[in-house]
Amino acid sequence: MWLATGYTDMRRGFPSLALQVQEVLHKDPLSGHLFVFRGRRSDLVKAIWHDGQGACLFTKRLERGKFIWPSVAGESVTIAGA
């Protein structure tokens with residue numbers, strides 16, 4: 001699982017988020033890894049994942065509160081499933 005630090009334009013879909021994974025994070029979006037992006041207001045995240053058969057785009061919006069995110073801008077952070 002990879003977290004894209006900083007903010008991401010939440011109007012983006014799978015193709016443009018996958019391009020961001022390639023160009024900014026220098027990772028392969030079709031690798032089977034999960035890539036997670038956060039919106040500017042911190043209440044919305046999008047995750048992309050390729051399962052080997054097709055592309056998946058997941059969205060989660062909080063009704064209250066905000067997602068806590070690493071503050072290292074322009075880089076990626078890897079986290080374990082645990």
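Trainee: Why is Arg61 called partly exposed?

Mentor: In this predicted model, the relative accessibility of Arg61 is 49%. Partly exposed covers the range between the buried limit, under 20%, and the exposed limit, over 50%. Arg61, at 49%, therefore counts as partly exposed.

Trainee: What makes the pair Asp43 and Arg61 a salt bridge?

Mentor: The closest N and O atoms of Asp43 and Arg61 are 3.9 Å apart. The rule asks for a side-chain nitrogen of Lys or Arg within 4 Å of a carboxyl oxygen of Asp or Glu, so a distance of 3.9 Å satisfies it. Asp43 belongs to the loop between β2 and β3 and Arg61 to strand β4, so the pair ties together parts 18 residues apart in sequence. Unlike Arg61, which is partly exposed, Asp43 is buried, because its relative accessible area of 16% falls under 20%.

Trainee: How many salt bridges does the rule give, and with which residue does Asp9 form one?

Mentor: The count is two. Asp9 is bridged to Arg11, with the closest N and O atoms 2.9 Å apart; this distance, too, is within 4 Å. In general, side chains of opposite charge can pair when their charged atoms come close. Asp9 has 34% relative accessibility and counts as partly exposed. Arg11 has 75%, which is over 50%, so Arg11 counts as exposed.

Trainee: How do you know that the buried residues of α1 line one face of the helix?

Mentor: The buried residues of α1, which spans residues 14-23, are Phe14, Leu17, Ala18, Gln20 and Val21. Viewed down the helix axis, these residues fall within an arc of 155°, so they line one face. The face turned away from the buried side carries the exposed residues Pro15 and Glu23.

Trainee: Which elements do the buried residues of α1 pack against?

Mentor: They pack against three strands: β2 (35-38), β3 (44-50) and β4 (55-61).

Trainee: What makes a set of residues a nonpolar core, and which residues form the largest one here?

Mentor: The members must be buried, be of the nonpolar types named in the rule, and be joined through side-chain atoms within 4.5 Å. The largest core has 12 residues, including Trp2, Met10, Phe14, Leu25, Phe35 and Ile48. Two or more residues come from each of β1 (2-4), α1, β2 and β3, and α1 gives the largest share, four residues. Apart from this core lies another, of five residues, among them Leu3, Val45, Ala47 and Trp69. In soluble globular proteins, nonpolar side chains tend to be buried together.

Trainee: Which residues is Met10 in contact with, leaving aside neighbours within four places in sequence?

Mentor: Met10, a member of the largest core, is in contact with Phe37, Arg38, Gly39, Leu44, Val45 and Lys46.

Trainee: What makes β1 and β2 a pair, and in which sense do they run?

Mentor: Strands pair if there are at least two bridges between them. β1 and β2 have two bridges, in the parallel sense, so the condition is met. Leu3 stands opposite Val36 in β2. From β1 the chain passes through α1 to β2, and this β-α-β crossover is right-handed.

Trainee: In which sense do β2 and β3 pair, and β3 and β4?

Mentor: β2 and β3 pair in the antiparallel sense over four bridges, with Val45 in β3 as the bridge partner of Arg38. β3 and β4 are also antiparallel, over seven bridges; here Trp49 stands opposite Cys56 in β4. On β2 itself, Phe35 and Phe37 point one way and Val36 and Arg38 the other, and all are buried.

Trainee: What makes the phi of Ser42 worth noting?

Mentor: Most residues other than glycine have a negative phi. Ser42 is a residue other than glycine, yet its phi is positive, near 70°. Ser42 lies in the loop between β2 and β3 and, at 8% relative accessibility, counts as buried. His26 likewise has a positive phi, of about 60°, although it is not a glycine. His26 lies in the loop between α1 and β2 and is exposed, because its relative accessible area is 63%.

Trainee: Where is Thr78 found, and which residues does Thr78 touch?

Mentor: Thr78 is in strand β5 (residues 76-78). Not counting residues up to four places away in sequence, Thr78 touches Met1 and Trp2. The C-alpha atoms of Thr78 and Ala4 are separated by 9.0 Å, although the two are 74 residues apart along the chain.

Terms used:
Residues are numbered from 1 along each chain as its sequence is written. This is a predicted model: local features need pLDDT of at least 70, side-chain atom pairs count only at pLDDT 80 or more; totals for chains, interfaces and linings use all residues. Side-chain values use heavy atoms; hydrogens and water are left out. Buried means under 20% relative accessible area, exposed over 50%, partly exposed in between (1.4 Å probe, protein chains only). The arc is that of the directions from the helix axis to the C-beta atoms. Contact means heavy atoms within 4.5 Å. A crossover is right-handed if, with the strands pointing away from the viewer, the path from the first strand over the helix to the second runs clockwise.
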